[in-house]
Each structure stands twice: as C-alpha cells, then as structure tokens.
Amino acid sequence: MSEYQSRITEPNQVPDFRKDYKLDRLAEHFNVAQFVSFAPSYGEPTQQYARLANLPENSKFTSLSAALEALFERSADGTINVRSFSETESQSREFLYALRTVDEAAAAIRRIAGEGAYTIANETIDVSDGGVSGVAMGGLVEFRPDATPRGVEQPGFASLPTAWATQLFKIVYGFDPGLEASESTRIEFSLHPRARGWRQTNTVFWEYGYIDHFDRSADVRWPNDFSRLIGDKAYGLLIGHLAGLPVPRTTVISRRIAPFTFGRDTGSAEQWIRTAPFVQVPGKYTTSRGWQDPFRLMQIEDPEGVAIASVLAQQGVRANYSGATIEASDGELIIEGAKGTGEGFMQGSVMPQALPSNVRDAVGATHAELRQRLGSVRFEWVFDGSKVWVVQLHIGASQSLGAALVPGEAKSWIDFDVAEGLEALRQLVASLDQDTGIYLNGSVGRTSHIADVVRKAGVPTRLKGTGDHEKS
C-alpha cells in the first residue's frame, strides 16, 4: 500500500469533518477541482488550503477577495461554488452553486464563517459538458453523463471492466483517464473534454480510498445513459470492438461530443451512413450505402433532436452474405441471412436463404466469442468470404420460441402481410387494441427488423399457419 493510501486510511489522523484537508491530500497525487478553503471566524475568514492552476500549492493570498479573484480567473465556466461544513454536522451544510461575482462569493463565505463553519470555494465544473462521472473500484467502472460521481447510485449508469472502460474513454475522449489504481482502491472521478482542475488535465478526482475487499463484477448492459449519449448502435459496436470482434472502421458524428473513430480496416473504400437513435428503433431510421450529408440527414429525420443521438460513417464490407443472429428463449441459436448486403432481408422484403455451412460455422463462432464475453446477444453480421464482421450488436436473448415471434395469448388476431413493409407494421402495432395479436403473412426471418418491431412492442405475434389459435 502506498504512503498516500496509508495516510488516508489511518484512523484519527484528521477529523472527518475537515473535507478541505482531505482534498489537499488528494491533490498531492491527483488532479482535483481548483479550490481555496477558509476557517470560521467572526472577523475576516482565514485561508486554509489552496490548489490553483499555475500557482504553487497552498499559495497564500493577501485577502479573501484576492483569493476569490484568482479562482474566478481560472474557472473555465466563469463561476464558482461554495460549500460549507463544520465539526458539529457530519454532513455538508449549505451549498451554493455557480456564483458569478467575487462580491457575491465573498459575502457568502463571510456569513458562513461567522456562523462557525468552514468553507471550500471551488471552480464550477459542468457535469453536462459531454463528459462522464463515476466510480472505479476493484476492476469495475460505473459511469454516466450529466451527473456527479454519486449518480451511479441511481439506475441508468453504464458498467464496464476497468480495462474496457479505459479503452472506451481513450477512443471517445482521446485520453487515458488514469484509473489504474482502482484495482485496490475506490476512486470517484469525472472526465471532461476540456482540461480542468489544478493540474489542468481531463480527469478530475473527487475521492480516493483504500478497499480491503470487493466482489462485484461489471454488468455490461445497455441501453444506459451513456449509450443514449452516443447512440444505441454506436455503443453496441463499441462494445463489440472492446470485446475483440471485427467491427468495421466507424466514425461517430454525435450531437453532444466531438467525432471519434474505432474499429478495423475492412479493405473497402466504400462508405455506409447509419443513423444511431438514442435507443434501438428497428429499421426506422436511415441506413444508406454511400455517403450522405450527416447533418442534413439528422435535420430531416429528427429536426427536434429527440430521437437520433449520432450518425455513423462506417467503412463498407465486401458482402458475400449478410444477416442476423439471435438466441431464442429456449436457447436455440437462430442464424439467418441472404446473399449480398442484406438490406432486403432485414427489411422483410427478401426471405431468408439457405446459408453455406462455412458461413453458418463462422457466424456461430462469432456468437460463441460474444456470448463468452457478454452473455446472451443478438447481432447483425456481414460475411466477406473469410471473416464475419459485426455491424450491429444488442445484449440479451430473444423472447421468440419457434414460430411464436412474441409468445402470448390474445382474444383476437389480425393478419398482416409483410409485403406492406416496416412502417405499415409500426402503424398497426401502435393502433392495436389490447388483447389483439398479429399473424404475419409471408416469408419473413425471425431475425429481421419485422420480427424486431413486434418483439419490441410486446404484441403476441405468430408466423401465419402455425400455432393453436384460429384467426378471428
């Protein structure tokens, strides 16, 4: 255990309420938000600690106002926060967010100091700047955007092994977050596209402590708040890439963060454009062979900015066969596809074709690798004659069982001709009365977007000519 770890875990070295002391010790080894702290006083508050960029540690200022002026000058957002604490109250007292002037902050600190409390004035760090906050410990990282590190106490956070999270942050943000010490410690951190803190780096540390034992492991699932930030499709492909599977070279053009690229060179000069909704909407938004203006595409398909998180520019694959693979609810592995690029098959206009044994074997091997790393998965694939490329990935098994795409009983059943297409099916699903099921009339793959639409809606659905019910 390092000297720092020993120091922070030794009991009774410093009173628990002295948060500024602990923050100063943290700053000896890590980047922390810039701050100045003050002791209680009935006169002018007395400066305690200071960590400001480009100044020596614990620089002393001539006055409260001078200290605050130096802090304001270095705050990227031009605002500061003031929090207070005391020996008599174990939890933090008053917290003032995003104060805009020296006079306002000085008046607050003088008032709180006169009430017998300590104060910490620190730079405001915007948690909605496109970065993430979270906790790393014991080989696990949990994180989310638009929240403080304590945001992982609520549902919706992403969960990854530390090695995967580190690689993801390198890809998405372009820097190593420096979380290696979390194998034996607990770290609260935040990552920011713009350098922050007294060391002016992109990772800010908020708490750090030694742990004796930790027995949780990452639960790699989505959608989560981070997958919504970059788009469900983008996140799934990133996970496939982190798991070591061949994913075509992909550039993500996001609404909220700078473009980033990952994946492998396919050897093709062709580009595909794929929209990435916040959460999966099977077959609704554009996937197009050839380049399109991504900004115009988002404006046309999602002018309000409420559905599409990003657009993916993806290197094409020389497609011998293409298709999709799901696990049925009874564990059956369903591999379907067709010759060529597979758009017609996924849209339901081309029926599944017999796949050569070498294609099925290659897809099955890819599924086995993904399942070993992630558990049950569903994915779309392209086979180039020698290798299977993952072009879309989702977690979890399908609820389908045999010809019942969506198991369940219904009082009445409606026929739907799959030749009418995806949008017509979406409209039908939205208009159905409760206790109404669907018979799909026509040849359609159990892995196609047609099947995905009814599964996502949870409407009892069967392939025509099978099952126990007669059409009403």
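Hi everyone, let me start right at a pairing: β20 and strand β23 (residues 461-463) run antiparallel to each other over 2 bridges. Strands here count as paired if DSSP finds at least two bridges between them. Within this pair, V406 stands opposite T461 in β23. Strands themselves are DSSP runs of E with at least two residues, helices are runs of H or I with at least four, and both are numbered from the N terminus.

Some housekeeping before going on. This is a predicted model, where local features need pLDDT of at least 70 and side-chain atom pairs count only at pLDDT 80 or more, while totals for chains, interfaces and linings use all residues. Residues are numbered from 1 along each chain as its sequence is written, and side-chain values use heavy atoms, with hydrogens and water left out.

Now the whole chain. The protein chain has 12 helices and 23 strands, and its C-alpha trace spans about 85 × 50 × 45 Å along the principal axes. Of its 472 residues, 54% are buried, where buried means under 20% relative accessible area, exposed means over 50%, and partly exposed is in between, with a 1.4 Å probe and protein chains only. Take the contacts between residues at least 6 apart in sequence: 62% of these join residues at least 24 apart. Contact means heavy atoms within 4.5 Å.

Back to our opening pair and its sheet. What is the strand order of the open sheet of 4 strands? The order is β20-β23-β22-β21, with mixed pairing. β20 (404-406) and β21 stand at the edges with a single partner strand each, so each has one side without a neighbour in the sheet. From one strand to the next, the twist averages 25 degrees.

The parallel part of this sheet includes strand β21 (residues 412-417) and β22, which pair over 6 bridges. There, D415 stands opposite Y439 in β22. Strand β22 (residues 436-441) is mostly covered, with 5 of its 6 residues buried.

Two helices go with this sheet. α12 lies across β20, β22 and β23, running at about 55 degrees to β20. For all such angles, axes are lines fitted to C-alpha atoms, for helices over the stretch in contact, and the angles run from 0 to 180 degrees between N-to-C directions.

How are α11 and α12 arranged? Helix α11 (residues 422-431) and helix α12 (residues 449-457) pack at an angle of about 15 degrees, with their axes 10 Å apart. They are therefore roughly parallel to each other; the scheme is under 35 degrees for roughly parallel, over 145 for roughly antiparallel, 65 to 115 for roughly perpendicular, and oblique for the rest. On the α11 side, L422, L425, R426 and V429 meet H449, I450, V453, V454 and A457 of α12. Sorted by class, this contact has 7 nonpolar, 1 polar and 1 charged residues. For the classes, Ala, Val, Leu, Ile, Met, Phe, Trp, Tyr, Cys and Pro count as nonpolar, Asp, Glu, Lys and Arg as charged, and the others, Gly among them, as polar.

Why call α12 largely enclosed by the rest of the structure? Because 7 of its 9 residues are buried. Those are H449, I450, A451, D452, V453, V454 and R455. Right after α12 comes G458, with a positive phi near 75 degrees.

Let's move to another part of the chain. A second open sheet has 5 strands in the order β8-β7-β6-β9-β10, with antiparallel pairing. Here β8 (158-161) and β10 (201-210) are at the edges, each with a single partner strand, so one side of each lacks a neighbour in the sheet. Neighbouring strands of this sheet are turned by 20 degrees against each other on average, direction ignored. Strand β6 (residues 132-137) and strand β7 (residues 140-144) pair in the antiparallel sense over 5 bridges, and the bridge partner of S133 in β7 is R144. Helix α5 (residues 162-173) packs on this sheet, touching β6, β7, β8 and β9 (185-196), and its direction makes about 110 degrees with that of β8.

Finally, α5 also has a helix partner. The axes of α5 and helix α7 (residues 232-242) come within 10 Å and cross at roughly 125 degrees, and the two helices are therefore oblique to each other. W164, Q167, L168, I171 and V172 in α5 meet Y235, L238, I239, H241 and L242 in α7. That contact has 8 nonpolar, 2 polar and no charged residues. Thanks, everyone!
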